[in-house]
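Reader: Hi! I'm new to looking at protein models, and I'd like a close look at one part of this one. Could you walk me through a sheet and whatever packs against it?

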Amino acid sequence: MASWDLSVTVEDLGSDAPAVTLSVASDLHVGGVILKLVEKTQIKRDWSDHAIWWEQKQQWLLRTAWTLEKYGIHADARLLFMPQHKPLKLGLPNGTTLRLRACFSRPVFQTVMGICRMLNIRHPEELSLLRPIEEKKKKKDKDSAQEIYDLTEVPLSSASQPLLYDGMPAHFADSPEMEAVYKMLSVTQPPPAPEVIAKQYRPASVVDKAHINGRWLDSSRCLMQQGIQENDRVWLRFKYFSFYDMDPKYDVVRLTQLYEQARWAILLEDIDCTEEEMMLFGALQYHISKVSQSEPQMQSSNAAMDDLETALQSLEVKLEGESSSASEMLENLTAPDLNDYLKIFRPKRLTLKGYKQYWFKFQNTSISYFKSKEESIGEPIQQINLKGCEVAPDVNVAAQKFLIRLLIPAPEGMNEVYLRCENEQQYAQWMAACRLASKGKTLADSSFQSEIQSIRTFLAMQKKGSGSHGDAPTSDESINTHSLVSPRYHKKYKTKQLTPRILDAYQNVAQLSLTDAVMRFLQIWQALPDFGLSYVVVRFKGSRKDEVLGIAPNRLIRIDLAVGDVVKTWRYNNMKQWNVNWDIRQMAIEFEGNINIAFGCVTADCKIVHEFIGGYIFMSTRSRAKSDTLNEELFHKLTGGHEAL
């Protein structure tokens, strides 16, 4: 049996200490090596978190039962014995930085789960870590070091849900300082100063946005394998814009951080919105900031009431399942009629004609249109099935523009159709009907009226307020408008022009509670046409130019880089398979109807794109029945590629 001397550097002995030399045989297992190391160092402490890192192979030796021979370790191996959990600086969406102990030895997916468990953020699969954008430091900024909140003393827990005390995790209730940190996590930050906004990196083009997506860490590999060292800085951000089971009672930190990420996306023009929408976002920010001072925290949970509510909810799900066939029969009998004159426009067709008026009829999940009301008894010109389609608003209340944008699945991609409504009443009904039909629901569904009401509320918010300003600040209590809107509007308007416009929008949201205002902000953000799009610059097979691939929660979009127009759209539910040729770093995707696409990635590794697609498919598999347990194995199968566990 071969035996030799093995050198291992023990991190706890200090950087200047010589390596510890052990006499080992090839059949000695890794656990035996650790035991010999501990005996030789003669330091009495808890070594349970320590493991061996193999520097040349960039690999942790976590299988302690494996022998040195099985791992392929010889005398020339550079081994380090060190803790698996180390301090990491974590930048949060709200701009604050925490210093906490994170796992450096497990896949980043598990590291994020541990961080979210500590911070009381449910559904950690929606978040991930990315490398921060390097900020240009000026000489003046040397002294203005950002405050870092230290959580390195928080004990690491393996429980899936943290133990709550007075609505917050028990480890935050240990001291007033820790309570202050939790408050900072769960309470919205005041609007940032204009100079702070000006200092932030603002993507000037879709290519700049694409470069940011090249910074995501690989979820299948550990921090050490990706060059992240102790005390390095990384960002925690929502990566997958598919938010499941959002409940203000349980998700105070999750909602607050999501609001902060959405707010910065608006302020830094990471997502496009109309001028009216920007004023509404500004009004909501002003209201949220004002209310959070008097109503410091969103609703937290009450254990007894929560148990009762959970029981009622599961009973409701059970009853829904049992009575589905009866309810379907009843729906067909009681579905309300919806038909009217609307105008239709197909931008894809090679025609200069504008909107044309037809008589539209809504039936089940389809719309049919006829030349006139009188001809609606016969065959329609066309019937469009809306199930599985994309529905997006294109509204400007001041200009009386009420458009419904439909992206309808087709074998070659997506067909785009615009419906123009005459007024708010008509728009609210048809928009609600289209949204329900896209989810496979008919007009008889119980949520139809509430959907109409929700759309009317949204339209009312965009209307200009009339009469007195009610709760609006008096002239001497001015609002800092430059903290509420993106820099583009600072250049376009003066403060005295912005103030009345934001205050007009404020009238429609002034009565909302803190929770409702945050939820409304997120709803409007999620209704923006470009919401949830993550961009990557790619080169399609057979093409000589770079193009942009937009990755959304339910589809892929091919965008012409020169013009910015959407060339093609492919939906995930039409996808048959996708794979990666790791040798040439090329992705190939096959869709129904014998449609095949292949591309290489320019601004990000193809593993990042592969992970985005697999991640979104994983998000779509979540259901209420399985919401308590996270299928980690399935996530790695869908996102891991050749490194899948």
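Author: Sure, and one term first: a residue counts as buried if its relative accessible area is under 20%. Take helix α4 (residues 176-186) as a warm-up: its buried residues are Met178, Val181, Tyr182, Met184, Leu185 and Ser186. The cover over those residues includes β7 (97-103), α3 (108-119), β9 (148-150), β11 (168-169) and α7 (252-267). Keep in mind that this is a predicted model.

Before we zoom in, here's the backdrop. The protein has 17 helices and 26 strands, and 49% of its 645 residues count as buried.

Now for your sheet. It's an open one with seven strands, and going across you meet β23, β22, β21, β20, β26, β25 and β24 in that order, with antiparallel pairing. The edges are β23 (566-571) and β24 (575-581), and each of them pairs on one side only. On average, neighbouring strands here are turned by 30 degrees against each other, if you ignore direction.

Let's stop at the β23 edge. Strand β22 (residues 555-559) pairs with β23 over five bridges, in the antiparallel sense. Want a spot to click on? Arg555 has Arg571 in β23 as its bridge partner.

So what packs against the sheet? Helix α16 (residues 606-619) lies across β20 (534-540), β21 (547-551), β22, β24, β25 (586-591) and β26 (595-601). Compared with β24, the helix runs at about 155 degrees.

Next, pick out Ile613. Leaving out residues up to four places away in sequence, Ile613 touches Leu556, Tyr572, Met575, Trp578, Met587 and Ile589. Ile613 also belongs to the largest nonpolar core, which has 120 residues. Within that core, the residues with the most contacts are Leu119, Leu129, Leu151, Trp525, Phe599 and Ile613. Nonpolar side chains tend to be buried together in soluble globular proteins. Another core, of 35 residues, lies apart from the largest one, and Leu406, Leu436, Leu443 and Leu459 are among its members.

One last stop, away from the nonpolar crowd: Ser366 sits in strand β15 (residues 366-370). Ser366 counts as buried because its relative accessibility is 12%, and the cut-off is under 20%. Its contacts, apart from neighbours within four places in sequence, are Lys361, Gln383, Ile384, Asn385 and Leu386.

Notes:
Residues are numbered from 1 along each chain as its sequence is written. This is a predicted model: local features need pLDDT of at least 70, side-chain atom pairs count only at pLDDT 80 or more; totals for chains, interfaces and linings use all residues. Side-chain values use heavy atoms; hydrogens and water are left out. Two strands pair if DSSP finds at least two bridges between them. Helices (H or I, at least four residues) and strands (E, at least two) are DSSP runs, numbered from the N terminus. Axes are lines fitted to C-alpha atoms, for helices over the stretch in contact, and angles run from 0 to 180 degrees between N-to-C directions. Contact means heavy atoms within 4.5 Å. A nonpolar core is a set of buried Ala, Val, Leu, Ile, Met, Phe, Trp, Tyr and Cys residues joined through side-chain atoms within 4.5 Å. Buried means under 20% relative accessible area, exposed over 50%, partly exposed in between (1.4 Å probe, protein chains only).
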